[in-house]
Amino acid sequence: MSDQTHLDPNVPGNPAYHFTILPAGSPSQVGWSRRAPLVPRARLATRCVHAGVQPDPAYGAVMPPIYLTSTFAFRDVCTNAGYDYTRSGNPTRAALEEAIAQLEGGIGATCTTTGMAAVTLVLNLLPAGSHVVATVDCYGGTFRTLEHAKVASNLKVTYLDLGDLAAVSKALEQETALVWIETPSNPLLRLTDIAAVAALARARGALTAVDNTFLSPVLQRPFEHGADLVVHSTTKYLNGHSDVVGGAVVAAPGRTALLQRIQSMNNLLGTSQSPHDCFLVLRGLKTLLLRMRAHEEGARQVAGFLAAHPAVARVFYPGLPGHPQHELARRQQDGFGGMLSFELKDGRPDRVNHVLRTLRWFTLAESLGGVESLVAHPASMTHASMTPEARARAGITDSVIRLSVGIEAPEDLIGDLGEALASLPH
Ligand SMILES: Cc1ncc(COP(=O)(O)O)c(C=O)c1O
C-alpha cells in the first residue's frame, strides 16, 4: 500500500493539504478580527453567543485565547499593541467586558475578581463622607462593606425599603452621592421601581447603581430604566457553573467619563479579574439565555407547589400573582428569575433544619445562580454578617429558607421538597 493512500488533506505538510497558510505575523492575518461588529438589533440569544468574541487575529481561534501573561512587550518606547500590563488591561478580560456591556446595553464594563470587589469599586468612586441610600435587605456582604465604609471613609448610609418612594425622596439629602438598588432583593425578593428611584436620584445629582445579579441582563436591563451603573456578581448566573468567582461594573450608554472612572478604579484598587476566570465567565455567557429560561421554569413550578403546600406559611417569589409587586415585576422585568424564599408555618429551628438537611437535589450551600439547585439559611449563612437588628429591620427571620432553583427537572425538585415537608418533625 503506498503512503499516498492515507494522505489526509487536513494535515498541514501533506501534499494533499489544500489550504493556504498565511505566514506568521503577516498583515493579512489581522483580517480575522475584522468581522462586522455586532449588529445592535441582534436578538438576545445571538448576542449571548457572539458578544465580545471575534475570531482570534493570530490563528482564527473561534473562542478567544486565554492570554495568560502578566505583561506585554512594547515594540518601541510608548508603542504597544494596546496592552501593557494585565492589571490594567488584558485581551481576554476585554472580550468579557465587551460581552457583558453589550448584554446590559451599556457603553462599557470592567471585570473584577469577585462581586464584592465590584461593590467596593463603586463605593470607592464616592468622596469620603458621602451619603448612600441602600436597599434594606441587600446582600449581607454588601451590608458588611457599607458598614465598613461608615468607619473607614465616614460614609453615611440610610437603609430603606426602596419600594417606599416617599421615604426615598425624604432620605435623599443634599450630599447623597449614590442610591444602591438590589432588585429583586436578597433573600426576600422585594422589588424596587428602578425608573422611579433613578429619577428621584438624578434630580438630586446622585448616581444610581443596580445590583443585577439576581436576574441577569436576560431578565432585567436597568439602563433601560435610567440607572447609571450596573453591578454583577458574575459568580452567579453570568458564569452559571459554580466554578469561578467574579464581578463586573457596567456604565450606562453615553457615560464615557463614568466608564473611564470605573476602569481606572479597577486598576487603582488592583481588583481586576484574572484572564483564566474571564474566559470561564465568557463561556458561561453563551448559554445564559437557555439557562435563565430553565431556572425560571423550575422556580415557577417550585413556587406554585410551595404556595399550595399546607406546611408553608409564605412564599416570596415575584412570579406569583399574590406577590405584592407582581405587577411591577411584569412591567420592569422580562421574567421572574430562579430565586425564591419561603417560611414554614411553624418555623421552629428543628423544623427549618430538617428541611435544610433532608433535601436531596438542593445542596445546603452559600451562593446561587449555578446549574445545580442550592438551599440556604440566610440568617446563619448569606446574611450572617448583618447584625440581628439589621436582619429584623429587613424582615429576615430565622425561619426564612432561600432556594436557588437550578436547571434540573422541576418534577424532581418538587418531589424532593414534598418529601422533606411531609417528614417535618411535629
Ligand atoms: C446580590 C449579590 N451581590 C453581590 C454578591 C457578592 O458577590 P461575590 O460572592 O462574587 O463576591 C452576592 C453574593 O452572594 C450577591 O448575592
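Start at the ligand in this predicted model: the shell around the ligand holds four nonpolar, ten polar and two charged residues. Of the 16 residues in that shell, select the ones that come nearest, namely Thr114, Gly115, Met116, Ser233 and Thr235. Two elements give two or more residues to the shell: α3 (115-123) and α4 (140-152).

**Next stop: α3**

Stay with α3 and colour its residues by burial. Eight of its nine residues are buried, so α3 is largely enclosed by the rest of the structure. The buried ones to pick are Gly115, Ala117, Ala118, Val119, Thr120, Leu121, Val122 and Leu123. Gly115 is thus a residue that belongs both to the group nearest the ligand and to the buried set of α3.

What covers those buried residues? Show β1, α4, β5, β6 (229-233), β7 (247-251) and α8 (256-269), which are among the covering elements.

**The seven-stranded sheet**

Several of those names lead straight into a sheet, so to speak, and here is how to walk across it. The sheet is open, has seven strands with mixed pairing, and reads β1-β7-β6-β5-β4-β2-β3. At its edges stand β1 (108-112) and β3 (156-160); each has a single partner strand, so one side of each is left without a neighbour in the sheet. Going from one strand to the next, the twist averages 20°.

Now zoom in on β5 (residues 207-211) and β4 (residues 176-182). These two run parallel and are joined by five bridges. Two pairs to click on: Ile181 has Val210 in β5 as its bridge partner, and Glu182 has Asp211.

Are the residues of β5 buried or exposed? Five of the five are buried, so β5 is largely enclosed by the rest of the structure. In a regular strand, side chains alternate between the two faces of the sheet. Turn on side chains here: Leu207, Ala209 and Asp211 point one way from β5, while Thr208 and Val210 point the other way.

**Zooming out to domains**

Pull back and colour the protein chain by domain: domain 1 covers 3-42, domain 2 covers 91-285 and domain 3 covers 288-422. If you place a marker at the C-alpha centres of domain 1 and domain 3, they lie 50 Å apart.

**Leu289 and its contacts**

Select Leu289, which sits in helix α10 (residues 288-307). Leu289 counts as buried because it has 21 C-beta neighbours inside 10 Å, where 20 or more is the cut-off. Which residues is Leu289 in contact with, leaving aside neighbours within four places in sequence? Show Leu44, Ala45, Cys48 and Val218. Leu44 is worth a distance label: it is 245 residues from Leu289 along the chain, yet their C-alpha atoms are separated by 7.6 Å.

**The five-stranded sheet**

For the last stop, select the other open sheet, with five strands in the order β8-β9-β12-β11-β10 and mixed pairing. Here β8 (312-316) and β10 (363-364) are the edge strands, each with a single partner, so one side of each is left without a neighbour in the sheet. Strand β8 pairs with strand β9 (residues 339-344) in the antiparallel sense over four bridges. Within that pairing, Val315 stands opposite Phe342 in β9.

Finally, add helix α12 (residues 349-358). Helix α12 lies across β9, β10, β11 (374-376) and β12 (400-404), and runs at about 15° to β12.

Methods: Residues numbered from 1 in each chain as written. Predicted model: local features only at pLDDT ≥ 70, side-chain atom pairs only at ≥ 80, totals over all residues. Pairing = 2+ DSSP bridges. Axes fitted to C-alpha atoms, helices over the stretch in contact; angles between N-to-C directions. Near = placed C-beta within 6 Å. Nonpolar A, V, L, I, M, F, W, Y, C, P; charged D, E, K, R; others polar. Buried ≥ 20, exposed ≤ 12 C-beta atoms within 10 Å, placed from the backbone. Contact = placed C-beta atoms within 7 Å. Domains from an automatic or database assignment.
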